[in-house]
Amino acid sequence: MRPSTILKYIAASVCVASTLAISVTNNKEDVEGFFNKNKSGHTNNWAVLVCTSRFWFNYRHIANTLSMYRTVKRLGIPDSNIIMMLADDVACNSRNIFPATVYNNRDRYLDLYGENVEVDYRGYEVTVENFIRLLTGRVAKETPRSKRLLTDDQSNILVYMTGHGGEEFLKFQDAEEISAYDLGDAFQQMYEKKRYNEILFMIDTCQANTMYTKIHSPNILATGSSKLKQSSYSHHDDPDIGVAVIDRFTYYILEVLEKVDMQSKATLKDLFDTYSPDLLHSTPGVRDDLFYRPLDQVLLTDFFGNVQNVELTEPKEQPQLRSEEDAVTEETEPTVLEPEPKENNTELIQQSKRQAHDGHTFEIGDPDQSQTWRYAAFVALSVVLGGALAAGSSIV
């Protein structure tokens, strides 16, 4: 056989060996890919749900917020990770002919208030100051844990707000306003303090889209119910209750979310594609220029659910713990130093050789060394096989 043919056999063998070696050495990446199928990089989910309206005729705003509360709980976010602010308690209002209940549909088949609702800020606690302090973490020392947003740089946060608003402002209790500048500044403080991984800001109010125009912090996705100079409308009323029970924007979002479970692969793009100005009677908006992921790769459960990733960390060496008996023995029995006999020198030398030999064995805990030797073994084996193949071919 010609030498050039033999070289071709050897080169092909080396290529095969390299491919096998690379596939073996990618174990760690494969494990990380298994645990991090979701590309968002978050490990925990939070929801901040805010109703800023008081008075009975704003019943629908309380129903909006409680509907979102029920949805995120159903999809796995626990009460410990939900901060809910309700400016009024219509469930206990004297005008409510169905006491201790709140409904979002005239059929009244689902009581949103139920028996397991945790309201963290209620009544006059719902203020602009408390809302901004909550987002930025600048709360008083005596503030209980249930009123704190304990997020970090791996938290995905849903911020939902509903109430009465206008151009670049949202009213709180008909007494004060939060502006688009205030909101943008609060998000910027959160970014600088590493209080979030990604934020979905959703607002249902008149001229809602103007509220996210002053946001400049990265990894924030925003959506609103109506553009500048447009109102946001209610969906339907309940003749028995006497007022509207839900807004159109929230109603049609819930219509999509009710079909979602924790294993759903539905994305935010799927949700936004359902927006219809004809159904909403207004023009909804989406701002994604600050958001780095394509919307068709962002699962709804990244914000509305609690599907968590696993963070792989390097193992740390644990200090050896001594028992109390060992400690007592060391304290009570003094150490006596005795010279070692010379005849033990040979045994010490043999022991040191064994330790040196053991030090050259490669273990699972040392991936770099084991991977290098695996690669070398694959290459050597391939060269031998290639040579044998070439020799057999030449004989034939």
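In this predicted model, strands β5, β6 and β7 form an open sheet in that order, with antiparallel pairing. The edges are β5 (165-166) and β7, each paired on one side only. Two bridges join β5 to β6, and the two strands run antiparallel. Here G166 has F169 of β6 as its bridge partner. Strand β6 (residues 169-172) is joined to β7 by four bridges, again in antiparallel fashion. Across this pairing, L170 faces I178 of β7. Three residues separate β6 from β7 in a hairpin. One residue of the turn, Q173, has a positive phi of about 60 degrees. Helix α4 lies across β6 and β7 and runs at about 35 degrees to β7.

A second open sheet contains seven strands in the order β3-β2-β1-β4-β8-β9-β12. Its pairing is mixed. Strands β3 (121-122) and β12 (285-287) are the edges, and each pairs on one side only. Within the sheet, β4 (residues 155-162) and β8 (residues 198-204) run parallel and are joined by seven bridges. L158 stands opposite L200 of β8.

Two helices that pack on the seven-stranded sheet can be described by their contacts. Helix α3 (residues 59-74) touches β1 (44-51), β2 (82-86), β4 and β8. The direction of α3 makes about 165 degrees with that of β1. Helix α4 (residues 128-136) touches β1, β2, β3 and β4. The direction of α4 makes about 175 degrees with that of β2. Helix α4 thus has a place in both descriptions: it packs on the seven-stranded sheet and lies across β6 and β7.

Helix α5 (residues 180-192) has 13 residues. The distance from its first C-alpha to its last is 18 Å, close to the 18 Å expected at 1.5 Å a residue. Buried positions in α5 are A180, L183, G184, A186, F187, Q189 and M190. An α-helix has 3.6 residues a turn, so residues three or four places apart point the same way. The buried residues of α5 pack against α4, β4, β7 (176-179), β8 and β9 (220-224). These partners include β7, an edge strand of the three-stranded sheet, and β4, β8 and β9 of the seven-stranded sheet. Just after α5, K194 adopts a positive phi of about 55 degrees.

Aromatic pairs number eleven in the structure. F55 and F57 form a stacked pair, with 5.8 Å centre to centre and 20 degrees between the planes. Both members are partly exposed: F55 has a relative accessible area of 38%, and F57 has one of 47%. The pair F291 and F303 is tilted, because the ring centres are 6.4 Å apart and the planes lie at 50 degrees. F291 lies in the loop between β12 and α9 (301-304), while F303 lies in helix α9, so the pair ties together parts that are twelve residues apart in sequence. Both F291 and F303 are buried. Elsewhere, ring pairs link F249, F272 and Y275 into a cluster.

Charged side chains also lie over aromatic rings. R54 lies over the face of Y124, at 4.5 Å from the ring centre. K147 lies over the face of Y121, at 5.3 Å from the ring centre. Y121 falls within the range of the edge strand β3 (121-122).

Terms used:
Residues are numbered from 1 along each chain as its sequence is written. This is a predicted model: local features need pLDDT of at least 70, side-chain atom pairs count only at pLDDT 80 or more; totals for chains, interfaces and linings use all residues. Side-chain values use heavy atoms; hydrogens and water are left out. Two strands pair if DSSP finds at least two bridges between them. Contact means heavy atoms within 4.5 Å. Axes are lines fitted to C-alpha atoms, for helices over the stretch in contact, and angles run from 0 to 180 degrees between N-to-C directions. The expected span of a helix is 1.5 Å times one less than its number of residues. Buried means under 20% relative accessible area, exposed over 50%, partly exposed in between (1.4 Å probe, protein chains only). Rings of Phe, Tyr and Trp (its six-membered ring) pair if their centres lie within 6.5 Å; planes under 30 degrees apart count as stacked, over 60 as edge-to-face and the rest as tilted. A charge sits over a ring if NZ of Lys or CZ of Arg is within 6 Å of the ring centre and within 35 degrees of the ring normal.
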